[in-house]
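Reader: I would like to learn how to read a model like this one feature by feature, with the general idea set beside the particular case. Could we take the strands to begin with and leave the other features for afterwards?

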Amino acid sequence: MSVSMHHVLIIHAVADYDAWKAVFDDAAGMRKVAGEISYQLLRVDGAADNVVHLSAWTSLERARGFFESEELVPIRQRAGVSSPLFLYLEEIERGVL
């Protein structure tokens, strides 16, 4: 049986990782209520100010509604985020080698 997973990949520059992470952690409850199931944080190699946030969601509609809400605009500003790129992804296969 195949279960369709929904993911969001966000790549954005942050002014200060520690300040961004504090805001990110404070928003965990908001993200959970909105439908985020799990997340990973990664850095772009050689660019410490570029953070990648990969998360699994209950649905792409809920994820899109959350990330595109006006409520997040001041939170992103407080976190020092610039140039966010959002990719809404539908998993088609997963494997382990």
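Author: Take a pair of facing residues as the starting point: in this predicted model, Ser38 stands opposite Ala56, which belongs to β3. Widening the view from that pair to the strands, β2 and β3 run antiparallel to each other and are joined over eight bridges.

Reader: Which residue takes a positive phi in the hairpin of β2 and β3?

Author: Gly46 does, with a phi near 80 degrees, in a hairpin that has two residues between its strands. On the β2 side, which spans residues 36–44, you will find Arg43, and its C-alpha lies 8.8 Å from that of His53, although ten residues separate the two in sequence. Arg43 counts as partly exposed because its relative accessibility is 47%, where the class of partly exposed residues runs from 20% to 50%.

Reader: With which strands does β1 pair?

Author: Strand β1 pairs with β3 (residues 47–57) in the antiparallel sense over eight bridges, and with β4 (residues 81–90), again in the antiparallel sense, over eight bridges. To follow this by eye, look for Ile11, whose bridge partner in β3 is Val52, and then for Leu9, whose bridge partner in β4 is Leu87. Strand β1 itself, residues 6–14, is mostly covered, with seven of its nine residues buried.

Reader: Is Leu87, the partner of Leu9 in β4, buried or exposed, or does it fall in between?

Author: Leu87 counts as partly exposed, because its relative accessibility is 34%. Together with Leu85 and Leu89, Leu87 forms a nonpolar patch on the surface, and the three residues have about 220 Å² of accessible area together.

Reader: How should I read empty space inside a model, and how many cavities of 30 Å³ or more are there here?

Author: The general idea is that a probe the size of a water molecule, rolled over the atoms, shows where empty space is left. In this case the count comes to one cavity of 30 Å³ or more, and the volume of the largest cavity is about 230 Å³. Its lining is made up of 17 residues, and those nearest its centre are Trp20, Phe24, Phe67, Leu72 and Arg76. The elements that give two or more residues to this lining are β1, α1 (17–26), α3 (60–67), α4 (72–79) and β4, with the largest share, four residues, coming from α4.

Reader: How many salt bridges does the structure hold, and where do they lie?

Author: There are three salt bridges, and it helps to read each one together with the accessibility of its two residues. The side chains of Lys21 and Asp25 meet at 2.6 Å, N to O; both residues lie in helix α1, four residues apart, which is about one turn of the helix. Lys21 is partly exposed, with a relative accessible area of 22%, and Asp25 is also partly exposed, at 38%.

Reader: Are Arg31 and Glu36 buried or exposed?

Author: Arg31 is buried, because its relative accessible area is 5%, and Glu36 is buried as well, at 9%, both values being under the 20% cut-off. Their side chains meet in a salt bridge of 2.5 Å, N to O. The side chains of Glu91 and Arg94 also meet in a salt bridge, at 2.8 Å, N to O; here Glu91 is partly exposed at 22% relative accessibility, whereas Arg94 counts as exposed at 62%.

Technical notes
Residues are numbered from 1 along each chain as its sequence is written. This is a predicted model: local features need pLDDT of at least 70, side-chain atom pairs count only at pLDDT 80 or more; totals for chains, interfaces and linings use all residues. Side-chain values use heavy atoms; hydrogens and water are left out. Buried means under 20% relative accessible area, exposed over 50%, partly exposed in between (1.4 Å probe, protein chains only). Two strands pair if DSSP finds at least two bridges between them. Patches are made of residues with over 30% relative accessible area and no salt bridge: like charges are joined within 9 Å, nonpolar side chains (Val, Leu, Ile, Met, Phe, Trp, Tyr) within 5 Å. Accessible areas come from the Shrake-Rupley method with a 1.4 Å probe; for residues, only the protein chains shown count as cover. A salt bridge is a side-chain nitrogen of Lys or Arg within 4 Å of a carboxyl oxygen of Asp or Glu. On a 1 Å grid over the protein atoms alone, a cavity is a set of points where a 1.4 Å probe fits but cannot get out, and a pocket is an open set with protein on both sides within 12 Å along at least five of seven lines; lining residues have an atom within 4 Å of a point. Grid points are joined across faces, edges and corners, and a volume is the space filled by probe spheres set on the points.
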